[in-house]
Structures are given as structure tokens and as C-alpha cells.
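Me: Please take a close look at one part of this model and go through its side-chain contacts one by one. I would like the partners, the distances and the burial of each residue, with enough of the overall fold to place them.

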Amino acid sequence: MSGSGGASTASVSSAPPAQEEGMTWWYRWLCRLSGVLGAVSCAISGLFNCVTIHPLNIAAGVWMIMNAFILLLCEAPFCCQFVEFANTVAEKVDRLRSWQKAVFYCGMAVVPIVISLTLTTLLGNAIAFATGVLYGLSALGKKGDAISYARIQQQKQQADEEKLTDTLEGEL
């Protein structure tokens with residue numbers, strides 16, 4: 001039994017994580033902290049949402065509690081030590097690109113709001129949605145400096161002028 005588990009663990013850890021795509025260490029920790037706070041927010045709001053007789057509110061609350069568990073599983077697997085597959089799920093999620101995490105987290109946060117639009121669902125999913133937004137911003141990349149941007153614009157302008165002079169000379 002342990003032979004097959006060890007082989008799969010070795011193959012999972014050999015792949016490079018996609019998180020090294022330009023995120024600084026503090027931004028990575030900010031995203032993780034936002035994910036954990038979003039999970040706590042979703043769990044508490046989900047519990048409050050489940051204390052009702054309206055079935056849509058209960059469904060939204062259950063979805064929010066599930067979101068909280070998934071966020072904790074992905075962002076802080078040490079909080080889910082009782083789950084055997086927590087570390088493997090966290091490693092697989094770490095290999096996802098930032099835009100994929102952004103779409104996944106924002107999509108998870110929007111579903112309860114679509115199910116039941118209440119203040120509890122809005123406030124409970126706000127931090128989870130913000131986690132997706134943070135990952136989405138990291139997918140956009142670093143902002144370039146003004147000097148290199150001006151140099152690129154100048155090169156484009158020179159190329160446009162050369163094309164214009166070539167077409168004018170071709171007409172003569």
C-alpha cells in the first residue's frame with residue numbers, strides 16, 4: 001500500500017509549482033491570508049444562513065460552508081490535518097496558474113449570491129471573492145516602468161513613420 005502512495009507523492013512533488021510566476025513572497029502570503037480569512041468568513045456566514053426555514057438560504061449556507069472547507073483545503077492544508085488527501089490537493093492547487101485560481105475562487109463565491117441574494121451571503125463571500133481578485137491581479141503581472149514603456153512607444157512610432165515613408169515613396 002505504501003509503495004503506490006510513495007510513488008504518487010514523488011511524482012506530484014517533482015512538478016514545479018506554477019506559483020513562481022512572478023509573485024513576491026509577501027503577495028503570496030497576502031493571498032493565502034485572504035483565503036483563510038475568506039474561509040472563516042464563509043463558514044460563519046454560512047452557519048448564520050442555515051438558521052432559517054427558507055430552503056434557498058439553507059442551500060446558500062451549505063454552499064458557503066463547502067466554500068470555506070475548499071478554501072482552507074487549498075490555502076491552508078495544515079488546518080485540515082484530519083483529511084488524508086489535504087496535502088495532495090494543496091500541491092495540485094499550487095501548480096495551477098493564478099488566473100485559474102482567480103476564476104475558481106470568484107466562481108465559488110458568486111454561486112451562493114446567485115442562489116440567495118442576502119446581506120449575509122454578500123458579506124460572507126466578499127473576502128473569498130477578494131481572494132480571487134488578488135489572484136487575478138497577480139495573473140496580470142508586474143507593472144512596467146515608464147522608461148521601458150516610453151522606449152517601446154518610441155520604437156513603434158519610428159516603425160510607423162518608416163512604413164509611411166515607404167508607402168509615400170512607392171506612390172511617387
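Reply:

**Ser41 and the charged network of helix α2**

A polar atom of the Ser41 side chain lies 2.7 Å from the backbone oxygen of Gly124. The coordinates come from a predicted model, and the distances and areas below are computed from it. Ser41 sits in helix α2. Its relative accessibility is 13%, so Ser41 counts as buried, the limit for that class being under 20%. Leaving aside residues up to four places away in sequence, Ser41 touches Leu123, Gly124 and Ile127. Gly124 therefore appears both as the residue whose backbone oxygen is close to the serine side chain and as one of the residues Ser41 touches, and its position falls in helix α6, which covers residues 119–140.

For orientation, the protein has seven helices and zero strands, and from the N terminus the order of elements is α-α-α-α-α-α-α. The chain has 172 residues, 31% of them buried. Its accessible surface is about 11200 Å², and carbon and sulfur atoms account for 69% of that area. Among contacts with a sequence separation of 6 or more, 67% are between residues 24 or more positions apart.

Helix α2 also carries Arg32, and here the charged side chains come in. Side chains of opposite charge can pair when their charged atoms come close. The structure holds three salt bridges. In one of them, Arg32 meets Glu75, with 3.8 Å from N to O. That pair links distant parts of the chain, since Arg32 belongs to helix α2 (residues 25–50) and Glu75 to helix α3 (residues 55–75), 43 residues apart. Both Arg32 and Glu75 are buried.

Arg32 has another acidic partner, Asp94, and the closest N and O atoms of this salt bridge are 2.7 Å apart. Again the pair links distant parts of the chain: Arg32 is in helix α2 and Asp94 in helix α4 (residues 86–94), with their positions 62 residues apart. Asp94 is buried, as is Arg32.

Asp94 in turn pairs with Lys101 in a salt bridge of 3.8 Å, N to O. Lys101 has a relative accessibility of 1% and so counts as buried. Because salt bridges are drawn between a Lys or Arg nitrogen and an Asp or Glu oxygen within 4 Å, the shared partners can be followed from one pair to the next: Arg32, Glu75, Asp94 and Lys101 are joined into one network. Arg32 is bonded in this sense to Glu75 and to Asp94, while Asp94 is bonded to Arg32 and to Lys101.

The position of Lys101 falls in helix α5, which covers residues 98–115, and the aromatic side chains of that helix come next. A pair of aromatic rings is described by the distance of the centres and the angle of the planes. There are three aromatic pairs in the count. One of them is Phe104 with Tyr105, a tilted pair with 5.9 Å centre to centre and 45° between the planes. Phe104 counts as partly exposed at 40% relative accessibility, whereas Tyr105 counts as buried at 1%. Tyr105 also pairs with Tyr135: the ring centres are 5.8 Å apart and the planes meet at 55°, so this pair is tilted too. Since Tyr105 is in helix α5 and Tyr135 in helix α6, the pair ties together parts that are 30 residues apart in sequence. Tyr135 is buried, with a relative accessible area of 1%. Ring pairs link Phe104, Tyr105 and Tyr135 into a cluster.

Back on helix α3, which carries Glu75, there is also Phe69. At 33% relative accessibility Phe69 counts as partly exposed. Phe69 touches Cys80, Phe82 and Val83, not counting residues up to four places away in sequence. Its C-alpha is 9.9 Å from that of Val36, a residue 33 positions away in sequence.

Methods: Residues numbered from 1 in each chain as written. Predicted model: local features only at pLDDT ≥ 70, side-chain atom pairs only at ≥ 80, totals over all residues. Heavy atoms only, no water. Helix = DSSP H or I, 4+ residues; strand = E, 2+ residues; numbered from the N terminus. Buried < 20%, exposed > 50% of the residue type's maximum accessible area, 1.4 Å probe, protein only. Contact = heavy atoms within 4.5 Å. Areas by Shrake-Rupley, 256 points an atom, 1.4 Å probe, with all protein chains shown as cover. Polar contact = N/O pair within 3.5 Å; in protein donor to acceptor, adjacent residues only side chain to side chain. Phe/Tyr/Trp six-rings, centres within 6.5 Å; stacked < 30°, edge-to-face > 60°.
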